[in-house]
Amino acid sequence: QKEARDWFEAKQILESEVVQSYFEGVRSNLIGEIGGNPNLTAQSVKDLQMWLIHLNRFEQHLHTYVETGDMARIQLEEGLSNG
């Protein structure tokens, strides 16, 4: 049931237009800064790349919760229908 709850919450977050807009905006800003600012030091580029990696990992973590929760929800529904 915990996985089903986590699934529901992660699904709501991922389907939120505000959150999707945030991910897209931050990702776009990071990529734009990395590729479009010739004055960045090598360390600054590395730091921005790490922020981008962490953003992507966070988004993937939410997707994993949704996938795991989908499986848990299906198993729960099958268990309830089988008796």
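Q: How many aromatic pairs does a search of the whole structure find?
A: The model is predicted. Ring pairs link Y22, F23 and F58 into a cluster. The search covers the whole structure, and the number of aromatic pairs found is two.

Q: Are the rings of Y22 and F23 stacked, edge-to-face or tilted?
A: A pair of aromatic rings is described by the distance of the centres and the angle of the planes. For Y22 and F23 the centres are 6.1 Å apart and the planes meet at 55°. Stacked needs under 30 degrees and edge-to-face over 60. The angle of 55° fits neither, so the pair of Y22 and F23 is tilted.

Q: Which helices does the pair of F23 and F58 link?
A: F23 and F58 form a tilted pair, 5.9 Å centre to centre, with 55° between the planes. The two residues are 35 apart along the chain, so the pair links distant parts of it. F23 sits in residues 17-36 and F58 in another helix; the two helices are α2 and α3.

Q: Is F58 buried, partly exposed or exposed?
A: Buried requires under 20% relative accessible area, and exposed requires over 50%. F23, with 1%, is buried. F58 has 44%, which lies between the cut-offs, so F58 is partly exposed.

Q: Which elements give two or more residues to the largest nonpolar core?
A: This core has seven residues: W7, A10, L14, F23, L55, L62 and V66. Two elements give two or more residues to the core: α1 (2-15) and α3 (42-81).

Q: Is E59 buried or exposed?
A: E59 is in helix α3. Leaving out residues up to four places away in sequence, E59 touches L14, Q20, F23 and R27. Its relative accessible area is 14%, and the cut-off is under 20%, so E59 is buried.

Q: Which residues does L14 contact, leaving aside neighbours within four places in sequence?
A: L14 belongs to the largest nonpolar core. Core members L62 and V66 are among its contacts. The full set is Q20, E59, L62, H63 and V66.

Q: Where do the buried residues of α2 fall, seen down the axis?
A: In α2, F23, R27 and L30 are buried. The face turned away from them carries the exposed residues E17, V18, E24, N29 and G36. The buried residues fall within an arc of 65°, so they line one face of the helix.

Q: Which residue caps the N-terminal end of α2?
A: α2 has 20 residues and reaches 27 Å, close to the 28 Å expected. At its N-terminal end, a side-chain oxygen lies 3.3 Å from the backbone nitrogen of V18. The capping residue is S16.

Notes
Residues are numbered from 1 along each chain as its sequence is written. This is a predicted model: local features need pLDDT of at least 70, side-chain atom pairs count only at pLDDT 80 or more; totals for chains, interfaces and linings use all residues. Side-chain values use heavy atoms; hydrogens and water are left out. A nonpolar core is a set of buried Ala, Val, Leu, Ile, Met, Phe, Trp, Tyr and Cys residues joined through side-chain atoms within 4.5 Å. Buried means under 20% relative accessible area, exposed over 50%, partly exposed in between (1.4 Å probe, protein chains only). Helices (H or I, at least four residues) and strands (E, at least two) are DSSP runs, numbered from the N terminus. Contact means heavy atoms within 4.5 Å. Rings of Phe, Tyr and Trp (its six-membered ring) pair if their centres lie within 6.5 Å; planes under 30 degrees apart count as stacked, over 60 as edge-to-face and the rest as tilted. The expected span of a helix is 1.5 Å times one less than its number of residues. The arc is that of the directions from the helix axis to the C-beta atoms. A polar contact is a pair of N or O atoms within 3.5 Å; within protein, one must be able to donate a hydrogen and the other to accept it, and residues adjacent in sequence count only if both atoms are side-chain atoms.
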